[in-house]
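Please walk me through this structure, taking it one region at a time, for someone who has not looked at it before.

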Amino acid sequence: MQKYACGVMTGDATAAARALRTGGLAALPTETVYGLGALATDPDALARIYEVKGRPSDHPVIVHISGIGAASEWARMVPDSARLLAAAFWPGPLTLVLPRAALASDTITGGQETVALRAPAHPLFQEVLALLESDGLNAPGIAAPSANRFGRVSPTTASHVSEELGSRLIEGRDVILDGGPCAVGVESTIVIWSPESDTWQVAREGGVTAAQLAEIVPVSTASTEPSQRVPGALASHYSPAARVLLSSAESLSEVAAKGPVGLIADTAVATPPGWQRLCSPGDPEAYARDLYAALRSADADGIATVVAVPPPGPGLAAAVRDRLTRAAR
Ligand code: TXA
Ligand code: MG
């Protein structure tokens with residue numbers, strides 16, 4: 001059992017539930033990345049999320065709930081297709097965007113008529129929700145964007161959260177709940193429901209793949225931009241301080257970079273002489289899990305340029321390519 005001498009870090013879900021209940025913030029582990037949570041019904045705490053992250057206040061946040069039973073508190077319509085998706089993938093790395101109910105305030109939805117809902121799989125997160133519910137809160141919701149400063153790399157460990165936000169959190173009021181490293185490592189898949197056609201559109205790729213979704217519900221393959229604003233889909237996002245360049249394994253020798261270079265590539269790819277290896281994932285799952293920590297370690301080591309060889313193929317590899325492309329802009 002890890003010991004925490006002082007400060008905002010804790011291993012105790014009770015401390016996180018207490019922080020939320022009393023108007024504080026709790027950074028919470030999920031299976032994707034760590035979230036910076038506030039009670040979704042607490043306007044002052046919600047305002048502090050934006051302040052602590054340095055995030056524009058018109059950006060919507062995901063409301064995390066215990067399961068589909070709580071969805072109708074936040075969404076005005078919960079179609080059968082949403083229930084099928086929840087039955088297949090919740091708790092898990094899938095976020096459903098549905099027409100909002102009154103409880104989903106403008107601060108949560110960014111003024112849009114929809115709300116994003118997700119039931120996270122991490123047991124400590126679920127324990128926090130259960131504790132809030134046992135307090136008498138009916139179907140509690142925790143609004144939580146990723147626990148990083150705006151535009152930066154999402155944290156996949158509690159110490160990453162502490163590095164990003166520790167100085168902006170208040171001891172005795174806010175906590176960081178340490179639930180170990182995140183199992184998936186990239187943010188959830190976001191799907192937006194269209195009431196007109198009862199179809200779903202993928203707005204952000206993640207741990208649940210388009211092919212998996214299409215086995216359960218109609219998925220629209222419209223290649224146009226989603227009709228809703230998804231700021232996590234901003235062209236430049238998920239960025240370390242280092243410059244990120246993408247390369248094929250064959251073209252590594254042609255990469256011209258000044259200063260120290262770090263490499264992120266499959267185990268099978270050799271590290272060019274003089275470069276620092278940042279991580280060597282053996283499959284797309286490991287790539288997703290290790291990517292953000294590798295980008296962070298580049299910054300910590302003063303590496304000026306990160307060269308990444310994106311993983312080929314569908315599924316989680318597609319989500320990794322998406323994040324790498326954004327980090328490279
Ligand atoms: O895995 C995840 O989704 C993590 C963990 C903490 O759950 N959360 C996360 O939150 O990545 P955030 O705020 O960094 O990204 C959420 C994305 C943003 O791109 C936001 O624009 C989008 O979800 N979003 C939220 N509400 C939306 C809505 N009503 N319509 C469309 N997109 C929405
Ligand atoms: Mg984020």
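The paragraphs below go from the nonpolar cores to a buried alanine, then to an aromatic pair, and lastly to an open sheet with a helix across it.

The model is a predicted one, and a place to begin is its largest nonpolar core, which has 48 residues and in which Leu36, Leu85, Leu94, Leu117 and Trp200 touch the most other members. Several elements give two or more residues to this core, among them the strands β3 (35-39), β5 (94-99), β6 (114-118) and β9 (189-194) and the helices α4 (80-89) and α7 (158-165). The element that gives the most to this core is α2, with five residues. A second core, separate from this one, has 25 residues, including Val33, Ala242, Ile303 and Ala308.

Leucine 94 shows which parts of the chain come together around one such residue: leaving aside residues up to four places away in sequence, leucine 94 touches Leu85, Phe89, Leu117, Arg118, Ser188, Thr189, Val191, Val208 and Leu213.

Alanine 143 offers another view of the interior. This residue lies in strand β7, which spans residues 142-143, and alanine 143 counts as buried because its relative accessible area is 0%, where buried means under 20%. In sequence alanine 143 is 107 residues apart from leucine 36, yet in space the two are 7.9 Å apart, C-alpha to C-alpha. Leu36 is also one of the residues that alanine 143 touches, and others include Gly37, Ala38, Leu46, Ile49 and Val63, again not counting residues up to four places away in sequence.

The structure holds one aromatic pair. It is made by tryptophan 193 and tryptophan 200, whose ring centres are 6.5 Å apart and whose planes stand at 40 degrees, so the pair is tilted. Both tryptophan 193 and tryptophan 200 are buried, and Trp200 has already appeared among the residues that touch the most other members of the largest core.

Further along the chain, four strands form an open sheet with parallel pairing, in the order β12-β15-β13-β14. At the edges lie β12 (243-246) and β14 (276-279), each of which pairs on one side only, and from one strand to the next the twist averages 30 degrees. The pairing of β12 with strand β15, residues 305-308, is parallel and runs over four bridges; within β15, threonine 305 is the bridge partner of arginine 243. Helix α9, residues 284-300, lies across β12, β13 (261-264), β14 and β15, and this helix runs at about 135 degrees to β14.

Notes: Residues numbered from 1 in each chain as written. Chains lettered and ligands numbered in written order. Predicted model: local features only at pLDDT ≥ 70, side-chain atom pairs only at ≥ 80, totals over all residues. Heavy atoms only, no water. Pairing = 2+ DSSP bridges. Axes fitted to C-alpha atoms, helices over the stretch in contact; angles between N-to-C directions. Contact = heavy atoms within 4.5 Å. Phe/Tyr/Trp six-rings, centres within 6.5 Å; stacked < 30°, edge-to-face > 60°. Buried < 20%, exposed > 50% of the residue type's maximum accessible area, 1.4 Å probe, protein only. Core = buried A, V, L, I, M, F, W, Y, C linked by side-chain atoms within 4.5 Å.
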